[in-house]
Amino acid sequence: MKILPFCIAVLLFYHGLSYGQVLVLSKVDSAHADAREKALNTWSTDEEAGALWNQLGSTHISIYTQRQLGGPNHDLYIPNPGIGYWVLSNVSEQSLWKIQEEKIKIGDELVGATIYKNEKGEDQYWVLWAPHNKSYLLKDKMREYGITPARVIYPPKMSLLDLPVKDYKVGFADLWIGKNVDNREVLLHGKPCEEYLFAHAPSRVVYSIPAGVASFSAWGIRPDGDSNVTGSWFYIVKIDGKEVFRSNPLQEYADKEVPIDVQIPPGSKEMELIVDPMNNGFSDHSIWAEPTFKWQDRWMPTPRMETQDKEVK
Ligand SMILES: [Ca+2]
């Protein structure tokens, strides 16, 4: 087997970031090194790479690239199988995540990514996006060349208690996490619960919706075992100003537990959690228990890949 002359080590990385998403870079296996070497254009300077792009960009897609400090570059072009795509180089990590958020909203999937250093020693990324329902056309081709597509892994779910509150107003006391007025016991499904938001009615709590979130769930409950907590209220959820959920009064539910489950349309930006006090807010010790965002899994790969770095030889 021929060893690639450029022999760049460590092509598998994990990069983590806001809201816990993780970028898994494109990975190459040594078994297909010959095929890749034949298919990659010869080493080119930045200028030559630009000329090649001008020549091939409308008919071909670069599905893998290798960059060196200040050049030269190596690109693997395949004929475009008839899809729209988006490729960028010299992208900072911060920009990458910003663009990724926008791409998700329009249904694009990150399928290729490599990392290299610029002259300042900063990490730069080459990144390729394609429509998620046609991305297999590129990923299948990558695999023929021994390239494992890049991907972004999102956590399957996340507690809203780990996210910043954008804005809020409550009717009494303050907005509290895991505690309530007089520290009354809080039970959910008969078990002690500490994962809750205490937001005395009338209240409104606003969160930004992270990219790719598909649903919101919670239980509307009240503290237990105290005859002073006899208020009445109901729950409302709004997405981008539009009401998408309205419960009945708390008292109408078995065990005074309101199941809340809301689908979140792609591209939604803001969610409001509202507790309506039903005429008066006396003793309305309202709680959102286990408030959770869930991500869609339509292209979320499982299981997670191994995390150790690998050397390519
Ligand atoms: Ca009330």
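Visitor: Which residue in β8 does Leu88 stand opposite?
Guide: This is a predicted model, and in it β6 and β8 run antiparallel, joined by four bridges. β6 covers residues 86–91, and β8 covers residues 123–131. The residue in β8 that stands opposite Leu88 is Val127.

Visitor: What is the order of the strands in the open sheet of three?
Guide: Pairing in this sheet is antiparallel. β6 (86–91) and β7 (108–117) each have a single partner strand, so they stand at the edges and one side of each is left without a neighbour in the sheet. From one strand to the next, the twist averages 15 degrees. The order is β6-β8-β7.

Visitor: At about what angle to β8 does helix α3 run?
Guide: Helix α3 takes in residues 93–105. This helix lies across β6, β7 and β8. Relative to β8, its angle is about 10 degrees.

Visitor: Which strand gives the most to the largest nonpolar core?
Guide: The core has 62 residues, and Ile63, Ala113, Val127, Ile287 and Trp288 are those with the most contacts inside it. Setting aside neighbours within four places in sequence, the contacts of Val127 include Leu88, Leu110 and Ala113. The strand that gives the most, with six residues, is β8.

Visitor: Where does this core lie with respect to domain 1 and domain 2?
Guide: Domain 1 spans 14–153 and domain 2 spans 157–295. Both give residues to the core, so its place is between domain 1 and domain 2.

Visitor: Which residues does the cis peptide bond join?
Guide: Most peptide bonds are trans. Here, omega of the cis bond is about -5 degrees. Its proline lies in the loop between β16 (196–198) and β17 (203–208). The bond joins Ala201 and Pro202.

Visitor: Is His189 buried or exposed?
Guide: His189 is found in the loop between β14 (187–188) and β15 (191–192), and its phi is near 55 degrees, a positive value in a residue other than glycine. A residue with 12 or fewer other C-beta atoms within 10 Å counts as exposed. His189 has 11 such neighbours, so it is exposed.

Visitor: What is the mean pLDDT of the protein chain?
Guide: Over residues 1–18 the pLDDT stays under 50, and over residues 298–313 it is below 50. In the chain, 86% of residues reach 70 or more. The mean pLDDT is 84.

Technical notes:
Residues numbered from 1 in each chain as written. Predicted model: local features only at pLDDT ≥ 70, side-chain atom pairs only at ≥ 80, totals over all residues. Core = buried A, V, L, I, M, F, W, Y, C linked by C-beta atoms within 7 Å. Buried ≥ 20, exposed ≤ 12 C-beta atoms within 10 Å, placed from the backbone. Helix = DSSP H or I, 4+ residues; strand = E, 2+ residues; numbered from the N terminus. Domains from an automatic or database assignment. Contact = placed C-beta atoms within 7 Å. Pairing = 2+ DSSP bridges. Axes fitted to C-alpha atoms, helices over the stretch in contact; angles between N-to-C directions. pLDDT = per-residue confidence, 0-100.
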